[in-house]
Protein chains: 2
Amino acid sequence: MEKITKALVNENIDEFRQLFLKLHPYDRAKFYVEQSPEVRKRMYYYLSPGEMAEIFDHLDIEEDEYKTYLSEMDPSFIAQMLAQMYADNAVDVLNELDKKEAASYLTMMGDEAAKEIKDLLHYKEYTAGSIMTTEYIAIHANQTVRSAMQILKKEALHAETIYYIYVINEHKQLVGVLSLRELIVSDDDQMIHDIMNDQVVSVLVDEDQEDVARKMKDYDFLALPVVDAANHLLGIITVDDIVDVISEEASDDYSKLAGVADVDIQRSPLDAAKKRLPWLIILLFLGMVTANLISRFEETLQKIAILAVFIPLIAGMSGNTGTQSLAVAVRRIAMGDFSKESKWKMIVREALTGVIIGATCGSVIMVVVYIWKHELFLGLLVGVALFATLTVATVAGALIPLIMYRLRIDPAVASGPFITTINDIISILIYFGLATMFMNYLL
Amino acid sequence: MEKITKALVNENIDEFRQLFLKLHPYDRAKFYVEQSPEVRKRMYYYLSPGEMAEIFDHLDIEEDEYKTYLSEMDPSFIAQMLAQMYADNAVDVLNELDKKEAASYLTMMGDEAAKEIKDLLHYKEYTAGSIMTTEYIAIHANQTVRSAMQILKKEALHAETIYYIYVINEHKQLVGVLSLRELIVSDDDQMIHDIMNDQVVSVLVDEDQEDVARKMKDYDFLALPVVDAANHLLGIITVDDIVDVISEEASDDYSKLAGVADVDIQRSPLDAAKKRLPWLIILLFLGMVTANLISRFEETLQKIAILAVFIPLIAGMSGNTGTQSLAVAVRRIAMGDFSKESKWKMIVREALTGVIIGATCGSVIMVVVYIWKHELFLGLLVGVALFATLTVATVAGALIPLIMYRLRIDPAVASGPFITTINDIISILIYFGLATMFMNYLL
């Protein structure tokens, strides 16, 4: 790396190119990002648009950073680079620019590349269409293995993967699939329709990318064909894009459970605070509801101050169980597991789980409070309140994501902090409700 | 599917085999798992051990379920099936059995298969070694493309992937790599050492599987070679195994944040309760610490009952911010991002974030309390307490995973419920501490 930097600084083009182009594209991209804008500008002179395209295909940056890099380049250089990137990646870059700018690059590039990219620009984010590429290899069923291999050799450098070859009919409909492995072990004179697999697993162009990821994971494919409702082959999705989808979605669910917009992008403290404050302010006002509730029981509290001692314990425990059952419900819904049993069955199951958890924790706290404070009735009150709140909190944790799912809101939005605050309110109501009802025994 | 079931029930072997073997192995595995034990037993007669091996290579079940299925088969059938599975998958199955049983199957199978599996059985769980397979294709640098293609055609059916070919020297050390794509576009007479890539990205056999996954994701590889410290090629890891690792690890981190042992395996309510109770009982006793703390301030509370009103709000908010900063810290550590800046820088950054968040929420609550209760000093107390607790909670959320990382405990173990309860304690101390100190103003 040091050598490469040195060659760059010394304006030694040949040495720089020789060393730099030997690196894996991902390492080239990493090197590129780490340079100062001045050094990067020199790189644009030392590298061709095609070589920069390879770097951009491997950039691992936040989407809003593309603009910064592009602002350092010539417009015609950008257009040529975009034309030589994999179409799906070029679309990702163009989506970050304003429409006018994107359109100007599209007019500057060759018609063929522009058409490919324009076709992809239509598809909605997070659908199969938005992550597919049109650079696949397609052949016809009535070819021989030999002619298929010739097509493959010719297109090998442009296709995003050559390891699956798709078989289409005269209407461009998908009729079969063949792995390069199967092609290689076959005789040259065999016909494609004799060796191809006609049970093709494909995805619809408007299918959610999470469902595509699940299919790819289950079937261990390296690529999946994307078709429209009439089974026309539109593109393919390769496993490397799916790996990115899986880790993005996982990080997304994780962030939501923690109640942060995005755990992965945090630059300055102010930036971080901005990401976290929206939820916190909402929760602060929900917390005011709790405070308001307790203040209605101020009379009870004035008489029996010891009641306050157990507020955080009961509220906290109900938040904890709620978070647990929430996480289980969110995952089950996300994994599509949930369709296997009815909503009601899931809720009944959670209710039973809540009863077991509530009974266990309630009994433990009853004994502990009795030993600690020597007050049988106080122990009984705290124990029964904990039993009731934990049961309700467990059901609430499962119910809220289910309701969201029904309302077509992403269930993962129901964060841990949110369910915790909701359960705070429920638990205070139960605890002080019971305490007020049975106050005579406590005095 | 119905047809297949019908053919099975009618003992129509030919039709069953014809229909069943046309399915993708994953669908075969799904069909297999859905059958009753009686029907499955019939399948063992209708299918060869090799055909069952393909099903077992694609089973998507919990690891402890293997035993159930194996108990339905003949020992010799099991041994033959294991021998024909991909070695890494066979190891997963054998790891679930007791040592004696596993050894007996190994003696029953051929020497070659047994050796391959035995070699893999040594590696620790969650390392590169434990997920690699030894079924790769290796060639020498001084071969021609033609002879490499011949080796490839011969081994294509046994290798787990044929899309990367690894080049080794006479000591079995890894010296280069070549994709099948590069091989195919090369002339038959070219020498391997002229076209191979000698900058091989590889992983060490004892490297953590999460690091392997990150490498595979960054470089968009379909397979990664695994070497020992002396660069001897030991095996390869394919992308389909990495997809599984990524989604398992993600689900694992998610479970831990929610404080559940495993969100994905939940069969009966009793089972679910068992998974969730261990954490809850620990948290219950930590909650007792909070209760004990408050009870020490009973005197203060008796004089100013209104203090109790804000306990859940302050405790809850500190739990929420703590969970947020915990999640960010855990992810940063997991993504290896954290090495980029020093521990101290990260903590200072979080402290500043906490100050911003605390100042914002503190000011809001101060105004709200003043408007609501018309008590300036109470508003001031709650506001300052919230400011202090949120700052401390944010730092605590980042500090705890960092300490765990230092102590070589998986930082993801620090769950949301845990940090929430710790922050309950801190916030109660700050709130009641301030209230006791400035009691005169409140009375």
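**Exercise 1. Find how much space lies in the largest cavity and what lines it.**

Solution.
- Step 1: the volume. The largest cavity of this predicted model holds about 130 Å³ of space. A cavity is a set of points on a 1 Å grid over the protein atoms alone, where a 1.4 Å probe fits but cannot get out. Grid points are joined across faces, edges and corners, and the volume is the space filled by probe spheres set on the points.
- Step 2: the lining. Lining residues have an atom within 4 Å of a point. There are 16 of them here. Nearest the centre lie Thr323(A), Thr420(A), Thr323(B), Gly416(B) and Thr420(B).
- Step 3: the helices. In chain A, H19 (311-334) and H22 (416-437) each give at least two lining residues. In chain B, H16 (239-258), H19 (311-334) and H22 (416-437) do so. H19(B) has the largest share, 4 residues. Helices (H or I, at least four residues) and strands (E, at least two) are DSSP runs, numbered from the N terminus.
- Step 4: the character. The lining has 5 nonpolar, 11 polar and no charged residues. Ala, Val, Leu, Ile, Met, Phe, Trp, Tyr, Cys and Pro count as nonpolar, Asp, Glu, Lys and Arg as charged, and the others, Gly among them, as polar.

Two notes on the model. Residues are numbered from 1 along each chain as its sequence is written, chains are lettered from A and ligands numbered from 1 in the order in which they are written. Local features need pLDDT of at least 70, side-chain atom pairs count only at pLDDT 80 or more, totals for chains, interfaces and linings use all residues, and side-chain values use heavy atoms, with hydrogens and water left out.

**Exercise 2. Describe the lining of the second largest cavity.**

Solution.
- Step 1: the volume is about 90 Å³. The structure holds 5 cavities of 30 Å³ or more.
- Step 2: the lining residues include Pro312(A), Asp424(A), Pro312(B) and Asp424(B).
- Step 3: H19 and H22 of chain A and H19 and H22 of chain B each supply at least two lining residues. H19(B) gives the most, with 4.
- Step 4: the lining divides into 5 nonpolar, 4 polar and 2 charged residues.

**Exercise 3. Decide whether strand E2 of chain A is mostly covered or uncovered.**

Solution.
- Step 1: E2(A) spans residues 164-168, and 5 of its 5 residues are buried. The strand is mostly covered. Buried means under 20% relative accessible area, exposed over 50%, partly exposed in between (1.4 Å probe, protein chains only).
- Step 2: check each face. Tyr164(A), Tyr166(A) and Ile168(A) are buried on one side. Ile165(A) and Val167(A) are buried on the other.
- Step 3: find the partner. Strand E1 (residues 138-140) of chain A pairs with E2(A) in the parallel sense over 3 bridges. Pairing needs at least two DSSP bridges. Ala138(A) stands opposite Tyr166(A).

**Exercise 4. Place Glu11(B) and Lys172(B), and state their phi values.**

Solution.
- Step 1: recall the rule. Most residues other than glycine have a negative phi.
- Step 2: Glu11(B) has a positive phi near 55°. Glu11(B) sits in the loop between H1 (2-9) and H2 (13-20) of chain B. Glu11(B) is exposed, at 52% relative accessible area.
- Step 3: Lys172(B) has a positive phi of about 65°. Lys172(B) lies in the loop between E2 (164-168) and E3 (174-179) of chain B. Lys172(B) is partly exposed, at 41%.

Terms used: 1 Å grid on protein atoms, 1.4 Å probe; cavity = no way out; pocket = protein on both sides within 12 Å on 5 of 7 lines; lining within 4 Å.
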